[in-house]
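Colleague: I would like to learn how to read salt bridges and aromatic pairs in a model. Could we go through them together, one feature at a time?

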Amino acid sequence: MDESRMFQENTFDNYLNSAAPICEDGAFQKKGHSARTLSPEEAEKLSRDQALVSDFKKLKLEKDAQKNWDLFYKRNSTNFFKDRHWTTREFEDLKACREFEDQKLTILEAGCGVGNCLFPLLEEDLNIFAYACDFSPRAVEYVKKNTLYNIERCKVFQCDLTKDDLLENIPADSVDVATLIFVLSAIHPDKMHLALQNIYKVLKPGKCVLFRDYGLYDHAMLRFKSGSKLGENFYVRQDGTRSYFFTDEFLSHLFMAVGYEQVVNEYVLRETVNRKEGLRVPRVFLQSKFRKPLSEA
């Protein structure tokens, strides 16, 4: 596909991704344990679009996963995602996990992209040291070139969470809180547990992973065209990047099988309204918190 057509295909998806975590004009939000109910038209579309991508293409997409994300950042530079100043509002634990005021916290942002969450967080809280990593070498370079990058406050490195040992860059049992924000969905479902095991090793006992990602029947899932399906709730975008859409049950099993304890695991149901674009779309996310036990079983 030529780049101009890819741009046209992805224009609305760009809006979905950039608006995903942030309330637009007229948006409302509610949290709960019930998934979104499909309209009859939506249910019919999903039941019709069952054809899977060929095994050859699946293998190629897995092999080229890093290259496809690198090309994504080459095309979009640092302009694709909005800065996520919402993070400390949605995740009070980023501040509440202190045992005393002004305690220095060590955080890990697993899948930092170009720093849209990292830099606002460091600006808002001067008593944080952050480790941050990303699958894409190009994204890591963008972070290091940012004028806000300071090696005294953060360490950024390239990492494939499914195979590169975090212990090579982070001491064991040293992280107060880890974030997985719109990251795990980009990993093949068969390898997600490897990323969670990796993070588990550097997390302090009793500390948590804060998770937010796409939920089942999010509007982005319903927009995929026939021929984009890789497996159950797993799809490929036009640019070769992939996205999984979580159920609370799947996510709970995934974390708990690795050894985490579930603290919170709920759907965030929102209707996002962008008056300028005339768009009104239903968004579904999972927002969750899983803890490393104080003592190993």
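Colleague: Is Glu44 buried or exposed, or something in between?

Modeller: Please keep in mind that this is a predicted model. Glu44 has a relative accessible area of 41%, and because buried means under 20% and exposed means over 50%, Glu44 counts as partly exposed.

Colleague: Which residue does Glu44 form a salt bridge with?

Modeller: The partner is Arg48, and the closest N and O atoms of the two residues are 2.3 Å apart. Both residues belong to helix H2, which covers residues 40–48, and because they are 4 residues apart there, about one helical turn separates them.

Colleague: How many salt bridges does a search of the whole structure find?

Modeller: The search finds 13 salt bridges. One of them joins the side chains of Lys60 and Asp64, with 2.9 Å from N to O. The two partners differ in their surroundings, since Lys60 is partly exposed at 43% relative accessibility, whereas Asp64 is buried at 12%. Lys60 and Asp64 are also linked with Lys67 in a network of salt bridges.

Colleague: Which residue forms a salt bridge with Glu62?

Modeller: That residue is Lys191, and here the closest N and O atoms are 2.7 Å apart. This pair links distant parts of the chain, 129 residues apart: Glu62 sits in helix H3 (residues 55–63), while Lys191 sits in the loop between strand E5 (175–181) and helix H9 (192–202). Lys191 is partly exposed, at 31% relative accessibility, and Glu62 is partly exposed too, with a relative accessible area of 24%.

Colleague: Now to the rings. What describes a pair of aromatic rings?

Modeller: The general idea is that such a pair is described by two values, the distance of the centres and the angle of the planes. This structure holds 18 aromatic pairs. In one of them, the rings of Phe211 and Phe246 have centres 5.4 Å apart and planes at 90°, so the pair is edge-to-face.

Colleague: Where in the chain do Phe211 and Phe246 lie?

Modeller: Phe211 lies in strand E6 (residues 203–214), and Phe246 in the loop between strand E9 (242–244) and helix H11 (248–258), so the pair ties together parts that are 35 residues apart in sequence. Both Phe211 and Phe246 are buried.

Colleague: Why is the pair of Tyr244 and Phe250 called tilted?

Modeller: The ring centres of Tyr244 and Phe250 are 5.0 Å apart and the planes stand at 35°, so the pair is tilted; the stacked class needs planes under 30 degrees apart, and the edge-to-face class needs over 60. Tyr244 is buried, with a relative accessible area of 5%, but Phe250 is partly exposed, at 26%.

Colleague: Which residues form one aromatic cluster?

Modeller: The cluster includes the four residues we have just discussed, Phe211, Phe246, Tyr244 and Phe250. Its other members are Tyr200, Phe234, Phe255, Tyr260 and Phe290.

Colleague: To finish, how many helices and strands does the chain have?

Modeller: There are 11 helices and 11 strands. Of the 297 residues in the chain, 56% are buried, and the chain exposes about 14300 Å², of which carbon and sulfur atoms supply 49%. Among contacts between residues at least 6 apart in sequence, 76% join residues at least 24 apart.

Technical notes. Residues are numbered from 1 along each chain as its sequence is written. This is a predicted model: local features need pLDDT of at least 70, side-chain atom pairs count only at pLDDT 80 or more; totals for chains, interfaces and linings use all residues. Side-chain values use heavy atoms; hydrogens and water are left out. Rings of Phe, Tyr and Trp (its six-membered ring) pair if their centres lie within 6.5 Å; planes under 30 degrees apart count as stacked, over 60 as edge-to-face and the rest as tilted. Helices (H or I, at least four residues) and strands (E, at least two) are DSSP runs, numbered from the N terminus. Buried means under 20% relative accessible area, exposed over 50%, partly exposed in between (1.4 Å probe, protein chains only). Contact means heavy atoms within 4.5 Å. Accessible areas come from the Shrake-Rupley method with a 1.4 Å probe; for residues, only the protein chains shown count as cover. A salt bridge is a side-chain nitrogen of Lys or Arg within 4 Å of a carboxyl oxygen of Asp or Glu.
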